[in-house]
Amino acid sequence: MDPERRSIGGLTKGGGTDWWGPVDPFTLSYSTGSQQALSQNRMYFMAFFIDRPIQLLGAFVAQHTASTTAGALLRCGIYRLGAPNGDNWDIGARVADFGTLPADVAGHKIFDLATPQTLSKGWYVTTMGVSGAGAYARYGRWMTPGLTRYYPHSSGTSAYPRVVAPQVYLYENSSNAEITGGLPASWTTNPVSTMTSTNNWVYQMVFPKWREV
């Protein structure tokens, strides 16, 4: 057996002890050259699962296209995932606010926590938003075990299962104050809206950086 073989959680492209991306070693993931338009003053929330206590070091965003608004800011952070709320979803307590970096220049935006945090097993969402127009970010996709919940919907010949879960991503419009002024300790405008899922893949535009505890 190859002595260098490890779980996904212990691998990086460079072979070091820190890595970006999903913690759960059973999560299937792949990168893509596709990009997502980032609406001005919209916060995007993207779900992921942590299967063990893990140390959070920071995150990065691959901003493919610069904002056309001079002085635009990109803010990122992490929240706990809240509870289902009708057909939408609540966002829970803030875990980390990574702060802001300029969004009017394209490139990798790397956020480092001044003090690493140990997160417990459970569901979380990354969050990001841009205060200007015209920005795009690259995304990866992964499939998180247990993500999708199905509920019966309608009746008779119109009966079908409805998916109620964090899906491709969640979002909240009119979020300029949170992007420019800082992420609140708890999201005040729950529930946030869901986007449509595709084969249960979850988009991720904020890639957390981890280290084993």
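## Sheet, core and salt bridges in a predicted model

Arg75 is buried, with a relative accessible area of 9%, where buried means under 20% relative accessible area, exposed over 50% and partly exposed in between (1.4 Å probe, protein chains only). The structure is a predicted model, in which local features need pLDDT of at least 70 and side-chain atom pairs count only at pLDDT 80 or more, while totals for chains, interfaces and linings use all residues. Residues are numbered from 1 along each chain as its sequence is written, and side-chain values use heavy atoms, with hydrogens and water left out.

### The open sheet

Helices (H or I, at least four residues) and strands (E, at least two) are DSSP runs, numbered from the N terminus, and two strands pair if DSSP finds at least two bridges between them. An open sheet of six strands follows the order S6-S5-S8-S3-S12-S13, with antiparallel pairing. Its edges are S6 and strand S13 (193–194), each of which pairs on one side only.

Strand S5 (residues 73–85) is joined to strand S6 (residues 88–102) by ten bridges, the two running antiparallel. Within this pair, Ile78 has Ala96 of S6 as its bridge partner. The hairpin that S5 and S6 form has two residues between the strands, and Gly86 there takes a positive phi near 65 degrees. S5 is also joined to strand S8 (residues 122–130), again in the antiparallel sense, by seven bridges, and Arg80 stands opposite Tyr124 of S8. Towards the other edge, strand S12 (residues 170–172) pairs with S13 in the antiparallel sense over two bridges, with Ser193 in S13 as the bridge partner of Tyr171.

### Buried residues and the nonpolar core

Which residues touch the most other members of the largest nonpolar core? They are Phe45, Phe98, Met128 and Trp210, in a core of 54 residues; a nonpolar core is a set of buried Ala, Val, Leu, Ile, Met, Phe, Trp, Tyr and Cys residues joined through side-chain atoms within 4.5 Å. Strand S3 (residues 43–50) gives this core its largest share, seven residues. Leaving out residues up to four places away in sequence, the contacts of Phe45 (heavy atoms within 4.5 Å) include Tyr79, Val125, Thr127, Tyr171, Trp187 and Val192.

Thr127 is found in strand S8 and counts as buried, at 0% relative accessibility. The side chain of Thr127 reaches the backbone oxygen of Tyr44 at 3.4 Å; a polar contact is a pair of N or O atoms within 3.5 Å, where within protein one must be able to donate a hydrogen and the other to accept it, and residues adjacent in sequence count only if both atoms are side-chain atoms. Leaving aside neighbours within four places in sequence, Thr127 is in contact with residues including Phe45, Arg75, Ile78, Leu183 and Val206.

Trp142, found in strand S9 (residues 135–143), is likewise buried, with a relative accessible area of 3%. Trp142 and Tyr203 are 61 residues apart in sequence, with 6.9 Å between their C-alpha atoms.

### Salt bridges

Side chains of opposite charge can pair when their charged atoms come close. Taking a salt bridge as a side-chain nitrogen of Lys or Arg within 4 Å of a carboxyl oxygen of Asp or Glu, the count comes to four. The table lists pairs from among them.

| Salt bridge | Closest N to O distance |
|---|---|
| Asp18 and Arg211 | 2.7 Å |
| Arg52 and Glu212 | 2.8 Å |
| Arg75 and Asp97 | 3.0 Å |

Asp18 forms a salt bridge with Arg211. Because Asp18 lies in the segment before strand S1 (19–20) and Arg211 in strand S15 (residues 207–212), the pair ties together parts that are 193 residues apart in sequence. Asp18 counts as buried at 19% relative accessibility, whereas Arg211, at 35%, counts as partly exposed.

The side chains of Arg52 and Glu212 also meet in a salt bridge. Arg52 lies in the loop between S3 and strand S4 (54–65), and Glu212 in strand S15, so this pair ties together parts that are 160 residues apart in sequence. Glu212 is partly exposed, with a relative accessible area of 37%.

Arg75, the buried residue named at the outset, forms a salt bridge with Asp97. Arg75 lies in S5 and Asp97 in S6, so the pair ties together parts that are 22 residues apart in sequence. Asp97 counts as partly exposed, at 28% relative accessibility. Salt bridges that share partners join Asp51, Arg52 and Glu212 into one network.
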